[in-house]
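Me: I should like a close look at one aspect of this structure, the packing of its helices. Please give a single connected account that also places the packing in its surroundings.

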Amino acid sequence: MLASLQAMGQRARQASSRMSAATAAEKNAALRVLARKLRASGPALAGANARDIERAQAAGLAAPMVDRLKLTPQVLATLAEGCEQLAAMADIVGEISGMTQQPSGIRVGRMRVPIGVFGMVFESRPNVTIEAASLSIKSGNACILRGGSEAIDSNKALALLVREALAEAGLPDDAVQLVQTTDREAVGHLIAMPQFVDVIIPRGGKGLIERISREAKVPVIKHLDGNCHTYVDDPCDLDMAVALVENAKTQKYSPCNATEGLLVARGVAAQFLPRIGAVFAAKGVEMRCDPAARELLAALPGAQVKPATEQDWYEEYLAPVISIKVVAGLDEAIAHINRYGSHHTDAIVTRDHVHAQRFLREVDSASVMVNASTRFADGFEYGLGAEIGISTDKFHARGPVGLEGLTSLKWVVLGQGEIRR
C-alpha cells in the first residue's frame, strides 16, 4: 500500500507543476465542465450512492449519518452551482501585492501562489469530494483525497467526473486523485509523505483530527472543536439578543459554528433569560446552568433545566443542549471564553461601542462577531465561495479556509540591473 500511495504522491507532485501554471480560463473551463457533468450524471451517481446507503443501513449506521451520505438531485444541483460560482470568482493566483520601491532601486512585493499538493481526509459526506476538488482546481493545486469508507462508491463516481472534467479542459487528470482503498492504513501513509504532500486537511470527527494531528509529518490545517459562545452584554437590545441567540443555537444543531455556550451579563439576566428560556423550552433545548441562571429559568413551563458541571463549559454538544452562565460583565465573559472556548467563533450582543471593540480585540478566536449570529462563520457567508474547512490554528490559515487559505505568498523582486553595494 505504501508504494501505491507514493505513486499517487509522485503523480500529484507532477500535476501540481502544470496546475500552478494553468491559466484562469483553463481552470474555469474545468469547473464549468464539472458542473455540467454533475447535472448530467444523476442516474449514474444514484446507483453508486444507493450502494453506499444500502451498506450503511445494513451496518446499522444512525439515520442522521445515512442522511449525510445521500446525493439527492438537490445536493448535486448545489454542488454544480458551487463549481460555477468558483469559476465566476476572480483568480487570485499570481496576484502581486505590496509592491514598494527600496532606496537601492529594486521593487519588492509578494506574489500569491498555490501551496502545491494537499491531502484531505474526510468522513461521511461525499459532497466534500467535489468541494475539495473544485477548490483545488481554482487555487491551482493538486490534491489527494481520502474519503470515509461509508461513501466509497459515491466518492469514486464523483472523483471520476472530476478527472474527466480536468482532461476535457486540457489539464492533468492526476491533479485530483482519490485513494481507492478503505483501509485505515492508507491515512497513515498519506499524512507521512512530506516529499509529496505539502499540507493535510482533516474534516471529520474529533477522533480523526486528533489522530492526524498526532501522527502527521506534514503541516495540518484543522480545528478540533466548535465550542462557540454568544455573550449578551449590558447594555444590549434585548429583542435582538433573543433573535440572535435563538438563531445561533437552534437554526441547526450539528454545525461547528452553532452556539454551545450562552453567557449573560448580570445586569440584563433577569430580563433576558426568561425570554430565551421560553424559546428553548418550546424547542426542546436542554439548558445546563450555573446557580444564578437556574434560579431564573427553573420555573419556566416545560423548561429542561439542569445544573452545569465544569465539563459543560468545555462541551461541544452538536445537539439541542446549551450551557448557560450569568457573568458579572465583559471582563468575566472574555475570560470565560478564552479559558473554555475552542477559539472557533464567539459573538457579543451589545449597545456599547467600547465593549464591542474590547471583545473584538481580546477574544482569542478565529472569528469574533458583534451583534451577529455565530452561524455566519462559514466560507459562503464570508464571501469566500466554497470552503474546505475551518482552522483554529494561528499560522497560515485561520477561520474559514477558502481559496486564499490554499495559497501561499512568495517574495518577488523587480530590478533594472541594480547591484548591492
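Reply: A helix axis is here a line fitted to the C-alpha atoms over the stretch in contact, and the angle between two axes runs from 0 to 180 degrees between their N-to-C directions. The model is a predicted one.

On that basis, helix α2 (residues 24-40) and helix α5 (residues 73-88) have axes that come within 8 Å and cross at roughly 165°. An angle over 145 degrees counts as roughly antiparallel, and α2 and α5 are therefore roughly antiparallel to each other. Their crossing is left-handed. On the α2 side the contact involves N28, L31, R32, L34, A35, L38 and R39, which meet L76, A77, L79, A80, E81, C83, E84, L86 and A87 of α5. By class, the residues of this contact divide into 11 nonpolar, 1 polar and 4 charged.

Helix α2 also packs against helix α6 (residues 127-138), with axes that come within 9 Å and cross at roughly 160°. These two helices, α2 and α6, are therefore also roughly antiparallel to each other. The hand of the crossing, however, is right-handed for α2 with α6, whereas it is left-handed for α2 with α5. K27, N28, A30, L31, L34 and L38 of α2 form the contact together with I130, S134, I137 and K138 of α6. The composition here is 6 nonpolar, 2 polar and 2 charged residues. N28, L31, L34 and L38 of α2 take part in the contact with α5 and also in the contact with α6.

Another helix pair is formed by α3 (residues 42-58) and α7 (residues 152-168), whose axes come within 7 Å and cross at roughly 160°. It follows that α3 and α7 are therefore roughly antiparallel to each other. Their crossing is left-handed. The contact is made by L45, A48, N49, R51, D52 and R55 from α3, and by I152, D153, S154, A157, L158 and L161 from α7. Those residues comprise 6 nonpolar, 2 polar and 4 charged.

Helix α7 leads from the helix pairs to a sheet. An open sheet of 4 strands has the order β5-β4-β3-β6, with parallel pairing. Its edge strands are β5 (176-178) and β6 (199-203), each of which pairs on one side only. Neighbouring strands of this sheet are turned by 20° against each other on average, with direction ignored. Strand β4 (residues 142-146) runs parallel to β5 and is joined to it by 3 bridges, with I144 of β4 standing opposite Q177 of β5. Helix α7 packs on this sheet, where it touches β3 and β5, and its direction makes about 160° with that of β5. Helix α1 (residues 2-20) lies across β3 (117-122), β4 and β5, and runs at about 150° to β4. Strands β3 and β5 are thus touched by α7 and also crossed by α1.

Other sheet elements complete the surroundings. Strands β1, β2 and β16 form an open sheet of 3 strands in the order β1-β2-β16, with antiparallel pairing. Strands β1 (96-101) and β16 (407-414) are its edges, each pairing on one side only. On average, and ignoring direction, neighbouring strands of this sheet are turned by 20° against each other. The antiparallel pairing of β2 (residues 107-114) with β16 extends over 8 bridges, and R107 stands opposite L414 in β16.

A helix also links strands β9 and β10. Strand β9 (residues 286-289) pairs with strand β10 (residues 304-307) in the parallel sense over 4 bridges, and R288 stands opposite K306 in β10. From β9 the chain passes through helix α12 (residues 291-297) to β10, in a right-handed β-α-β crossover.

Two backbone details in loops merit separate mention. Most residues other than glycine have a negative phi, and most peptide bonds are trans. The bond from D234 to P235 is nevertheless cis, with omega near 15°, and P235 is found in the loop between β7 (228-232) and α10 (238-250). L318, although not a glycine, has a positive phi of about 55°, and it is found in the loop between β10 and β11 (321-327).

Methods: Residues are numbered from 1 along each chain as its sequence is written. This is a predicted model: local features need pLDDT of at least 70, side-chain atom pairs count only at pLDDT 80 or more; totals for chains, interfaces and linings use all residues. Side-chain values use heavy atoms; hydrogens and water are left out. Angles under 35 degrees count as roughly parallel, over 145 as roughly antiparallel, 65 to 115 as roughly perpendicular and the rest as oblique. A crossing is left-handed if the near helix is turned anticlockwise from the far one by less than a right angle, and right-handed if clockwise. Contact means heavy atoms within 4.5 Å. Ala, Val, Leu, Ile, Met, Phe, Trp, Tyr, Cys and Pro count as nonpolar, Asp, Glu, Lys and Arg as charged, and the others, Gly among them, as polar. Two strands pair if DSSP finds at least two bridges between them. A crossover is right-handed if, with the strands pointing away from the viewer, the path from the first strand over the helix to the second runs clockwise.
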